[in-house]
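Subject: Structure for your review

Dear colleague,

Please find below the structure that I am handing over to you. My notes on it follow, beginning with the parts that call for caution.

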Amino acid sequence: MRRFNLLLAGILAVLSASCGHRTQGTEDRPTVKIDTVLSADEQTSLQFPGRVKAAQDISLAFRVSGTILRMHVNDGSYVRKGQLLAELDPTDYQIQLDAAEAEYQRVKAEAGRVMVLYKENVTTPDANDKAVYGLKQITAKYNHAKDQLEYTRLYAPFNGYVQKRLFDSHETLAAGMPVVSMISEGKPEVEINLPAAEYIRREQFTSYHCTFDIYSGQQYSLNLISVTPKANANQLYTMRLQLERTGGQPLPSPGMNTMVTIERTENGQRNLSVPTGAVLHEKGNTSVFLYNSSTQTIHRCSVTMTRLLSDGRCLVTSDEIKPGALVVASGVHHVKDGEKVEPLLPASETNVGGLL
């Protein structure tokens with residue numbers, strides 16, 4: 001009998017030590033249920049007709065007047081940045097440059113001689129100043145003549161296409177008259193007109209896309225570029241959007257008509273759906289605990305509760321929480337900010353109720 005009692009006491013001691021070790025290993029972390037924050041924004045779709053435009057659409061002109069010597073491009077030609085598009089007859093400008101260069105060389109030599117004499121104290125300061133100023137004047141005249149000759153050539157400012165050639169060879173034109181119109185080869189843009197009623201609610205716009213009748217079943221994403229702050233004569237505000245294509249989508253051409261869809265939230269706030277049990281009401285404030293899966297810690301975050309839903313969830317708003325975040329769904333009164341927790345594992349066929 002005495003041996004039995006000693007054996008029973010030994011077994012109880014081993015079990016007690018094992019239980020104590022297990023409790024210490026878990027660090028007494030509270031077990032909590034985790035749920036996902038869902039977006040509950042009410043969206044309204046707005047549709048406006050639009051038109052595709054090139055990212056850059058400009059008309060090019062010579063900075064000097066003259067007679068066109070040669071046009072190097074035709075309508076629809078693809079050109080690269082810096083490529084020669086057209087040139088004027090340079091004869092008159094070459095003569096002006098030659099005359100300016102001859103005068104420049106003469107004045108430069110005379111000014112140089114006077115400045116050398118001034119350094120040797122042979123001439124007066126007034127003569128030296130006249131030589132310096134004269135050299136500056138003729139240098140500016142010479143550089144202007146070189147620029148005038150350079151302006152007889154017209155180059156492409158970017159990669160793109162010649163939309164229209166407005167003049168032919170041997171025609172005479174004045175400075176500043178458009179000669180060639182070009183469009184860039186970059187991503188095209190879509191332009192729409194917003195009425196004032198929608199312009200004042202533009203901060204509620206969340207996403208943009210467009211469709212084309214000729215590209216059936218294709219939907220193109222749009223990125224906002226700008227909205228003009230001033231209305232036109234029809235009290236419409238111009239919105240520019242950059243068109244994005246994915247995969248093998250065909251590239252719409254400038255001038256095509258399209259239908260632009262704008263998704264807009266009803267109240268401009270981000271509504272989030274969380275379990276009702278996730279909301280902690282304490283001292284007149286409402287908050288939830290966000291769960292960080294990498295550190296297994298929780299962080300308290302203030303929210304504003306808007307209304308209850310019939311499915312056991314409620315709507316809240318917060319600038320700190322985004323859809324997809326994890327929150328403590330129950331037991332919020334028994335956890336603390338910054339505390340480590342054990343998430344309750346989801347139920348499975350062999351773990352009914354999530355108890356294991």
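Over residues 20-26, pLDDT stays under 50, and the model has one contact there beyond four places in sequence. Please bear in mind that this is a predicted model. A further stretch, residues 351-355, also has pLDDT under 50 throughout, with seven contacts beyond four places in sequence. Where pLDDT is low, the predicted coordinates should not be read in detail.

For the chain as a whole, the average pLDDT is 86, and 87% of the residues score at least 70. Confidence is lowest in helix α1 (residues 2-25), where the mean is 52. It is highest in strand β8 (residues 153-155), at 97.

Turning to the overall fold, the chain contains four helices and 24 strands. Of its 356 residues, 32% are buried. Among contacts with a separation of 6 or more, 74% are between residues 24 or more positions apart. The accessible surface amounts to about 22200 Å², and carbon and sulfur atoms contribute 51% of that area.

I then examined the aromatic side chains. How many aromatic pairs does a search of the whole structure find? The search returns seven. One of them joins Y104 and Y142: the ring centres are 4.8 Å apart and the planes meet at 15°, so this pair is stacked. Y104 belongs to helix α2 (residues 91-119) and Y142 to helix α3 (residues 125-150); the two residues are 38 residues apart, and their pair links distant parts of the chain. Are these two residues buried or exposed? Both Y104 and Y142 are buried.

The pair formed by F205 and Y208 is edge-to-face, with 6.3 Å from centre to centre and 90° between the planes. F205 and Y208 are likewise both buried. Elsewhere, F212, Y215 and Y220 are linked by ring pairs into a cluster.

One contact of a charged group with a ring also deserves mention. R202 lies over the face of Y199, at 4.1 Å from the ring centre.

In viewing the model, you may wish to start with the stacked pair of Y104 and Y142, and then turn to the edge-to-face pair of F205 and Y208. The cluster of F212, Y215 and Y220 could follow, together with R202 over the ring of Y199. For residues 20-26 and residues 351-355, the caution given at the start of these notes applies.

With kind regards

Methods. Residues are numbered from 1 along each chain as its sequence is written. This is a predicted model: local features need pLDDT of at least 70, side-chain atom pairs count only at pLDDT 80 or more; totals for chains, interfaces and linings use all residues. Side-chain values use heavy atoms; hydrogens and water are left out. Buried means under 20% relative accessible area, exposed over 50%, partly exposed in between (1.4 Å probe, protein chains only). Contact means heavy atoms within 4.5 Å. Accessible areas come from the Shrake-Rupley method with a 1.4 Å probe; for residues, only the protein chains shown count as cover. Rings of Phe, Tyr and Trp (its six-membered ring) pair if their centres lie within 6.5 Å; planes under 30 degrees apart count as stacked, over 60 as edge-to-face and the rest as tilted. A charge sits over a ring if NZ of Lys or CZ of Arg is within 6 Å of the ring centre and within 35 degrees of the ring normal. pLDDT is the predictor's confidence in each residue, from 0 to 100.
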